[in-house]
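Biologist: Please take a close look at one part of this model, the largest pocket, and set it in the context of the rest of the chain. Which residues and elements line the largest pocket, and how are they arranged?

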Amino acid sequence: MRSLHAFAILALLPIAASADEGMWPYDNFPTDAVKKRLGSAPTQDWLDHVRLSSLRIAGGCSASFVSPNGLVMTNHHCAHRCIEQLSTGKNDHVKNGFFARAEKDELACPTMEMNQLIAIADVTARMELAKKGVADDKLHDAIRAEIARIEKECATGDDFRCEVVSLYHGGRYDLYTYRRYQDVRLVFAPEFATAFFGGDPDNFMFPRWDLDVTFVRVYKDGKPLKTDHWLRWTKAGVKAGDAVFVSGNPGKTSRLKTVAQLEYDRDVYLPTRLGYLNELRGYVAMYQTRGPEEKRHSTDKLFGIENSVKGLTGRHRTLADPRFFAALAAAEKDLRQKVDADPALKAAYGGAWDAIAKVTDKMRRYADETWAIELETSDLFGYARTLVRAADELPKPNGERLEEYTDSRLPELKQKLFSPAPVHDELETALLAFQLTKMRQVLGPDHPVVKRLLGPKSPAEVAAALVKGTALKDPKVRRALWDGGKAKVDATRDPLLDFVRSFDADARAVRKRWDSDIDGPLKKYGGQLAQARFKLYGTGQYPDATFTLRLSHGTVKGWTEPGSEREVKPFTYMAGAFERATGRDPFALPPTWLAAKGRLKLDTPLDFTADTDIIGGNSGSPVVGTDGDVVGLVFDGNIQSLGGEYGFDATVNRTVAVDARAIVEALGKIYGAGRLVDELTSSRP
């Protein structure tokens with residue numbers, strides 16, 4: 001993290017971004033700046049093709065079409081939940097891998113949805129009109145209602161997903177229209193041991209030797225999707241210095257937040273979230289010691305927790321560094337001085353910083369209660385809350401519902417609710433007990449909600465009784481309740497439904513308070529600061545990441561490690577995986593690799609780094625060459641990239657990707673997946 005300090009002020013000043021950084025929306029790509037840096041830039045046809053070849057996995061991660069027959073490439077860790085849901089104690093696809101020898105063997109992922117961005121439209125004028133003259137405490141509801149109207153007008157059927165996206169913290173609103181695909185089937189996944197080779201110790205590190213790849217296929221009307229847009233597989237691969245692009249869906253950055261907001265993240269949000277996740281990690285790790293079946297069906301849960309812990313720890317260390325934070329404060333001071341120096345700007349926007357600081361004071365007071373009461377750790381609890389709230393929300397006009405129950409969001413909500421994925425009673429009991437324990441810990445035993453939910457019983461006792469007694473483990477029961485609407489849900493006496501009902505009014509109240517006192521004002525004053533930046537610097541800035549499709553650019557490049565001055569080369573090779581292997585987890589190569597060693601071309605590049613700007617959510621993004629061919633697959637960043645939440649330092653921030661050449665080498669010579677190799681390579685020139 002120390003390497004960020006020397007560049008922090010330059011990287012974080014609110015001016016037009018330099019040519020070597022940025023997660024750029026496709027409708028505002030800095031073509032001229034890229035051409036100046038790289039010598040050439042994408043044409044509009046190139047941009048349109050790569051955009052339509054790129055995909056978002058609903059709920060997190062990125063992906064891309066890599067054949068005209070709906071074949072999709074993403075990371076193993078992005079598809080891990082599907083792979084685990086399709087596994088059994090006798091047939092563990094996470095441990096042993098999976099390959100569908102024929103199309104008929106491809107298995108439907110219970111909850112995976114792919115989104116393809118087909119259009120972007122500016123709806124800022126309409127949103128500004130809806131906000132005009134609205135009081136701060138009513139602003140969230142006014143924004144929500146107008147968003148619901150726009151999205152409903154756009155989504156003409158379940159095949160489309162429409163989202164109004166707030167950019168520049170409310171300074172601009174765009175309508176993103178996606179084509180939605182919910183019939184997604186597993187085609188190939190390697191063993192977890194090679195997909196996550198090195199485990200948590202190597203996570204966010206480099207050198208790496210991971211084959212973090214999975215292939216799924218999109219189906220339409222029961223047949224593989226025919227698509228005109230897919231990324232051709234590279235013939236030559238890449239070398240150091242080659243220009244590359246990353247097309248994916250970065251989840252969230254905080255590069256335009258005020259100092260007051262970042263202080264809240266540093267002092268409240270990140271410590272709270274890390275404390276919860278660290279406890280949950282230990283809790284799930286202990287659960288795994290109960291036996292091999294318990295370990296199998298909780299691996300995805302533990303993997304996600306550990307990944308989050310490491311990422312959030314890096315973010316917190318960055319914000320906690322006094323020198324780094326001083327650079328943030330200096331950048332804000334510079335912008336405020338520019339605004340104050342212009343009477344018109346000062347009158348319009350000068351009060352925004354102080355107003356946001358007052359909102360963050362309320363955030364500190366509200367955070368614990370809001371978080372604890374709205375917490376969902378158990379899937380079964382989530383099903384119950386969804387049904388109870390849907391019963392109340394769906395009869396309302398679309399614009400008055402909670403966001404997740406608006407018409408445009410229902411297909412994804414129903415896919416999760418009706419999922420046939422197995423429910424494991426022991427895991428659900430353990431997770432619900434943990435959730436109730438945290439609620440009691442945060443709110444205190446005398447809080448009215450805690451007393452009402454637990455009474456004289458322990459969290460473990462309450463959780464065990466609820467999981468044992470509920471019928472919601474059966475997806476048919478959940479579907480019948482949904483289809484029966486409010487009358488059916490209200491009349492059903494299920495212990496878990498009754499439990500959720502008993503404090504849903506309290507949960508709604510704290511959520512409403514947050515929406516009116518926090519969310520609405522932040523959108524108002526954040527939008528004012530965005531307008532100030534636009535007035536001073538134009539639209540040459542990229543917005544903070546919002547889990548929408550972005551394009552970043554850079555070159556294949558290593559770096560010099562700060563302090564030690566150690567040069568880190570940009571490539572690792574397949575031979576290195578065998579040299580790194582110890583035969584013990586997490587450095588144990590699976591038997592398939594050991595058996596195939598003599599057949600492999602061991603000098604094949606396995607992983608590489610590039611100075612492209614990415615963040616969490618970019619996992620599964622294709623790395624594309626200037627010719628539009630896929631040359632790699634993003635699966636991680638180096639440890640310095642964790643500071644990318646708040647700024648980008650091109651000297652050390654690196655994307656880590658699987659090399660396309662290693663993917664084909666492994667498919668053909670380790671896994672015997674000839675039909676997949678043929679599909680990937682047959683369409684290339």
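Modeller: What follows goes from the whole chain to the pocket, and then to the helices and loops connected with its lining.

The model is predicted. Its protein chain has 25 helices and 21 strands. Along the principal axes, the C-alpha trace spans about 65 × 65 × 50 Å. The radius of gyration is 25 Å, which agrees with the value near 26 Å for a compact globule of 685 residues.

Now the pocket itself. Rolling a probe the size of a water molecule over the atoms shows where empty space is left. In the largest pocket that space amounts to about 890 Å³. Its lining consists of 29 residues, and those nearest the centre are Lys 95, Phe 192, Lys 295, Thr 299 and Asp 585. Sorted by class, the lining holds 13 nonpolar, seven polar and nine charged residues.

Five elements are listed as giving two or more residues to this lining: helix H5 (93-96), helix H8 (192-195), helix H9 (199-202), helix H11 (292-320) and helix H23 (591-596). H11 provides the largest share, with eight residues.

H11 also packs against another helix. Two packed helices are described by the angle between their axes and the distance between the axes. For helix H10 (residues 259-288) and H11, the axes come within 9 Å and cross at roughly 155°. An angle over 145 degrees counts as roughly antiparallel, and H10 and H11 are therefore roughly antiparallel to each other. Their crossing is left-handed. The residues of this contact divide into 16 nonpolar, eight polar and nine charged.

Two of the other lining helices, H9 and H23, border loops with unusual backbone geometry. Most residues other than glycine have a negative phi, and most peptide bonds are trans. The bond from Phe 206 to Pro 207, however, is cis, with omega near 10°. Pro 207 sits in the loop between H9 and strand S11 (214-220). Another cis peptide bond joins Asp 585 to Pro 586, with omega about 5°. Asp 585 is also one of the residues nearest the centre of the largest pocket. Its partner Pro 586 belongs to the loop between helix H22 (574-580) and H23, and H23 is among the helices that give two or more residues to the lining.

A further backbone exception is Phe 547, which is not a glycine but has a positive phi of about 55°. Phe 547 lies in the loop between helix H21 (495-537) and strand S14 (550-555).

For comparison with H10 and H11, here are two more helix pairs. The axes of helix H15 (residues 379-393) and helix H20 (residues 475-491) come within 8 Å and cross at roughly 40°. H15 and H20 are therefore oblique to each other, and H15 passes H20 in a right-handed crossing. Helix H17 (residues 425-443) and helix H19 (residues 459-469) have axes that come within 8 Å and cross at roughly 140°. This pair, H17 and H19, is therefore oblique too, and its crossing is right-handed.

To return to the request: H11 gives the largest share of the pocket lining and runs roughly antiparallel to H10, while Asp 585, nearest the pocket centre along with Lys 95, Phe 192, Lys 295 and Thr 299, is joined to Pro 586 by a cis peptide bond.

Methods. Residues are numbered from 1 along each chain as its sequence is written. This is a predicted model: local features need pLDDT of at least 70, side-chain atom pairs count only at pLDDT 80 or more; totals for chains, interfaces and linings use all residues. Side-chain values use heavy atoms; hydrogens and water are left out. On a 1 Å grid over the protein atoms alone, a cavity is a set of points where a 1.4 Å probe fits but cannot get out, and a pocket is an open set with protein on both sides within 12 Å along at least five of seven lines; lining residues have an atom within 4 Å of a point. Grid points are joined across faces, edges and corners, and a volume is the space filled by probe spheres set on the points. Helices (H or I, at least four residues) and strands (E, at least two) are DSSP runs, numbered from the N terminus. Ala, Val, Leu, Ile, Met, Phe, Trp, Tyr, Cys and Pro count as nonpolar, Asp, Glu, Lys and Arg as charged, and the others, Gly among them, as polar. Axes are lines fitted to C-alpha atoms, for helices over the stretch in contact, and angles run from 0 to 180 degrees between N-to-C directions. Angles under 35 degrees count as roughly parallel, over 145 as roughly antiparallel, 65 to 115 as roughly perpendicular and the rest as oblique. A crossing is left-handed if the near helix is turned anticlockwise from the far one by less than a right angle, and right-handed if clockwise. The radius of gyration is taken over C-alpha atoms; the globule rule is 2.2 Å times the number of residues to the power 0.38.
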